[in-house]
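Dear colleague,

Please find below the structure that I am handing over to you, followed by an account of what was found in it. I should be grateful if you would read the account alongside the coordinates.

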Amino acid sequence: MKSIVVFCGSSEGVNTDYASKAYELGETFAKNDIQLVYGGAKIGIMGKVAEGVLDHDGKVIGVIPVFLRKKEVVHEGLTELIVTQNMHERKLKMHDLSDGILMLPGGFGTLEEFFEMLTWSQLGLHQYPIGILNTNGFYDSLLKMMHDMVNEGFVKEEHINTILVADDIDTLLKKMENYIPLPTPKWINKEQL
């Protein structure tokens with residue numbers, strides 16, 4: 001993997017472990033020559049992961065919709081900044097620039113982005129590894145809910161098993177590097193979305 005899109009919070013959360021782990025992830029990306037693709041903000045966990053990359057001479061592409069750029073949250077020191085017209089165009093561009101997907105702690109927007117990419121994978125629109133950096137068990141309840149969906153017959157177990165989870169950065173990146181995608185038919189293409 002040479003380029004990973006990271007979805008995460010525009011807040012830092014109450015536990016300082018989230019920000020420090022995000023910064024450490026950015027540092028790890030830079031040291032392993034992995035380009036960061038993310039939402040382009042200078043605030044929250046998003047800003048920390050970008051700082052971790054930039055402080056260690058790595059490459060960062062920020063993708064931000066024009067209405068958020070006007071709110072002065074944009075990080076001006078990135079390797080490249082791409083401004084989109086809307087949120088959907090933003091996600092599509094982030095997807096196109098990456099070959100892996102990773103989620104850190106965040107809120108509704110983080111979940112929305114993650115689940116759209118997960119759904120695209122289920123539909124066969126991409127075969128990227130999808131990882132969750134589960135810092136301090138932040139996503140334990142969500143993971144339980146996903147397994148409940150399997151048990152209740154709404155999600156196939158094989159799709160849940162494609163989600164790679166770890167609380168250690170190196171372990172998660174190794175899982176992502178060794179990921180073997182499910183053979184899935186392409187039901188629809190991106191133009192149909």
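Y18 has a relative accessibility of 14%, which is under the 20% limit, so this residue counts as buried. Please note that the model is a predicted one. The ring of Y18 forms an aromatic pair with that of F138; the centres are 5.5 Å apart and the planes stand at 75°, an edge-to-face arrangement. This pair joins distant parts of the chain, since 120 residues separate its two members. Y18 belongs to helix 1 (residues 16-31), whereas F138 sits in the loop between strand 6 (130-133) and helix 6 (140-151). Unlike Y18, which is buried, F138 is partly exposed, with a relative accessibility of 34%. Y139 also enters the picture, as Y18, F138 and Y139 make up one aromatic cluster.

In total, the structure contains three aromatic pairs. Another of them is formed by F114 and F115. Their ring centres lie 5.3 Å apart and their planes meet at 80°, and the pair is therefore edge-to-face, the angle being over 60 degrees. How buried or exposed are the two residues of this pair? F114 is buried, its relative accessible area being 0%, while F115 is partly exposed at 27% relative accessibility.

I turn now to the chain as a whole. The protein chain comprises eight helices and seven strands. Its radius of gyration is 16 Å, close to the 16 Å that the globule rule gives for 193 residues, so the chain is as compact as a globular protein of that length. Along the principal axes, the C-alpha atoms occupy a box of roughly 45 × 35 × 30 Å.

As for contacts and burial, 71% of the contacts with a separation of 6 or more are between residues 24 or more positions apart. Of the 193 residues in the protein chain, 48% are buried.

Finally, a word on surface and charge. The protein chain exposes about 9,800 Å², of which 51% comes from carbon and sulfur atoms. The chain carries 18 positive and 27 negative charges, and the mean positions of these two sets are 4 Å apart.

Yours sincerely

Terms used: Residues are numbered from 1 along each chain as its sequence is written. This is a predicted model: local features need pLDDT of at least 70, side-chain atom pairs count only at pLDDT 80 or more; totals for chains, interfaces and linings use all residues. Side-chain values use heavy atoms; hydrogens and water are left out. Helices (H or I, at least four residues) and strands (E, at least two) are DSSP runs, numbered from the N terminus. The radius of gyration is taken over C-alpha atoms; the globule rule is 2.2 Å times the number of residues to the power 0.38. Buried means under 20% relative accessible area, exposed over 50%, partly exposed in between (1.4 Å probe, protein chains only). Contact means heavy atoms within 4.5 Å. Accessible areas come from the Shrake-Rupley method with a 1.4 Å probe; for residues, only the protein chains shown count as cover. Lys and Arg count as positive and Asp and Glu as negative; His and the chain ends are not counted. The place of a charge is taken as NZ of Lys, CZ of Arg, CG of Asp or CD of Glu. Rings of Phe, Tyr and Trp (its six-membered ring) pair if their centres lie within 6.5 Å; planes under 30 degrees apart count as stacked, over 60 as edge-to-face and the rest as tilted.
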